[in-house]
Amino acid sequence: MSSPLRFDRGHTDDLMAFLMASPSPYHAVATAAARLEKAGFRQVEETDAWDGSKGGKYVLRGGAIVAWYVPEGADAHTPFRIVGAHTDSPNLRVKPLPDTGAQGWRQVAVEIYGGTLLNTWLDRDLGLAGRISLRDGTHRLVNIDRPLLRVPQLAVHLDRSANPDGLKLDRQKHMQPIWGLGEVEEGDLIRFVAEEAGVDPAEITGWDLMPHPVEPPAYLGRDRELLAGPRMDNLLSVHAATAALAAVAGQPDDEIPYIPVLAAFDHEENGSQSDTGADGPLLGTVLERSVFARGGSYEDRARAFAGTVCLSSDTGHAVHPNYAERHDPTHHPVANGGPILKVNVNMRYATDGGGRAVFAAACEKAGVPWQTFVSNNSMPCGTTIGPITAARHGIRTVDIGVAILSMHSARELCGADDPYLLANALTAFLAG
């Protein structure tokens, strides 16, 4: 159902700033951590011994962050309320030997990351961001946020079949961006990155770099009721969950019956199988250490996990006006209709009837409308970190999100009110 209400756009304005500050997963977790620090959270190192003190804490590992708030009076067996999300988006990633080119053009060699819509990266002004690894074992964030790269499309005069027959792109040959003219020089790109970062090129021993569109997010439509921007799958959820966790941590401790948690993972777009992905041990290790640091036993850990619920928040599909036949005929999520509950009986989503009740209660408490998404039976259904979280940790998990168009495009589209509605639902859920 569509919401008849219009909301203060402060939250959406803040989301736009978050997207601009987060051109890579490493930037996204740094941005989320900085916001949590302002809310009183402090970083704990995985290599240190943890104490059972109350308050907000977080762990950073690569492009992942797990943050939690322990209220005064929490027991070792107090259950968790978790919002899970992911920090990565389908894009292009710089190869280990990046310097390439042909016909007098200097280019950057890239791999395709995740299920990106290749054509949406053509003819866009691209910056370069990520992290560099230094000889001393430290990392430094890099964000060259100006037009630097471009993947040029072939002119229609040289491919007359592109319009009637559809554009065909070879992932190896056609997606290498240009960044200048002249002869290819080995080490050229990393020397340039080092100069931008203010470090000696000889100190850089590794890198995780990726092009990103430099065009900022923008309101769209006659009444500015839509939002267009990059990486909303899934930084929209990371931003909402960060805001929700900070809001709950600001409430009186005696009003917080659970331990609220944000778990934002990397590598969801290629299967989550990494030390920073949802299929790795990070979340389980953090939750267990939190229990044990508060003097808990394995029995306390089992009791806490048994009462825990996770909302896996990821974007979903709004009904497309030009391709309505691709959607289930009775489930048509719309922009600004509130967050969606994602259901698949084959467990591509982890939602069941009990999870539906938990989500419905949170939305009712927050006064937020919500919708349901089910895939067309004739179409394969995507998946999320939800089933992975449920299976790996034995935690009841519910898949939700915000309905968008142009998923996996370099620039996606959602209703401008939906991020605010999601954040309010997540706040109500975390607060219990």
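The lining of the largest pocket holds 14 nonpolar, 15 polar and eight charged residues. This is a predicted model.

**The pockets**

The largest pocket encloses about 1,000 Å³ of space. Its lining consists of 37 residues. Nearest the centre lie His 317, Phe 373, Pro 380, Gly 382 and Met 407. Three elements each give two or more residues to this lining: β15 (316–317), α9 (385–393) and β19 (403–405).

The second largest pocket has a volume of about 380 Å³. Around it stand 15 lining residues. Closest to its centre are Pro 152, Gln 153, Leu 154, Lys 173 and His 174. The table sets out both pockets.

| Pocket | Volume | Lining residues | Nonpolar | Polar | Charged |
|---|---|---|---|---|---|
| Largest pocket | about 1,000 Å³ | 37 residues | 14 residues | 15 residues | eight residues |
| Second largest pocket | about 380 Å³ | 15 residues | eight residues | four residues | three residues |

**Two buried residues in contact**

Asn 234 sits in helix α5, which spans residues 232–249. Is Asn 234 buried or exposed? Its relative accessibility is 0%, so Asn 234 counts as buried. Beyond residues up to four places away in sequence, Asn 234 touches Ala 85, His 86, Asp 88 and Ser 89, along with Ser 313, Asp 314 and Thr 315.

Ser 313 belongs to strand β14, residues 309–313. Ser 313 has a relative accessible area of 1% and is buried, because buried means under 20%. Which residues does Ser 313 contact, leaving aside neighbours within four places in sequence? They are Val 83, Gly 84, Ala 85, Asn 234, Ser 237, Ile 400, Gly 401 and Leu 422. Ala 85 thus appears in the contacts of Asn 234 and in those of Ser 313.

Ser 313 can also be placed against Lys 173, one of the residues closest to the centre of the second largest pocket. The C-alpha atoms of Ser 313 and Lys 173 are 35 Å apart. Along the chain, 140 residues separate the two.

**A pair of helices**

Two packed helices are described by the angle and the distance between their axes. Helix α1 covers residues 10–21, and helix α10 covers residues 418–431. Their axes come within 8 Å. They cross at roughly 100 degrees, which means that α1 is roughly perpendicular to α10.

Where do they meet? On the α1 side, the residues are His 11, Thr 12 and Leu 15. On the α10 side, they are Pro 419, Tyr 420 and Ala 423. By class, this contact has four nonpolar residues, two polar and no charged.

Methods
Residues are numbered from 1 along each chain as its sequence is written. This is a predicted model: local features need pLDDT of at least 70, side-chain atom pairs count only at pLDDT 80 or more; totals for chains, interfaces and linings use all residues. Side-chain values use heavy atoms; hydrogens and water are left out. On a 1 Å grid over the protein atoms alone, a cavity is a set of points where a 1.4 Å probe fits but cannot get out, and a pocket is an open set with protein on both sides within 12 Å along at least five of seven lines; lining residues have an atom within 4 Å of a point. Grid points are joined across faces, edges and corners, and a volume is the space filled by probe spheres set on the points. Helices (H or I, at least four residues) and strands (E, at least two) are DSSP runs, numbered from the N terminus. Ala, Val, Leu, Ile, Met, Phe, Trp, Tyr, Cys and Pro count as nonpolar, Asp, Glu, Lys and Arg as charged, and the others, Gly among them, as polar. Buried means under 20% relative accessible area, exposed over 50%, partly exposed in between (1.4 Å probe, protein chains only). Contact means heavy atoms within 4.5 Å. Axes are lines fitted to C-alpha atoms, for helices over the stretch in contact, and angles run from 0 to 180 degrees between N-to-C directions. Angles under 35 degrees count as roughly parallel, over 145 as roughly antiparallel, 65 to 115 as roughly perpendicular and the rest as oblique.
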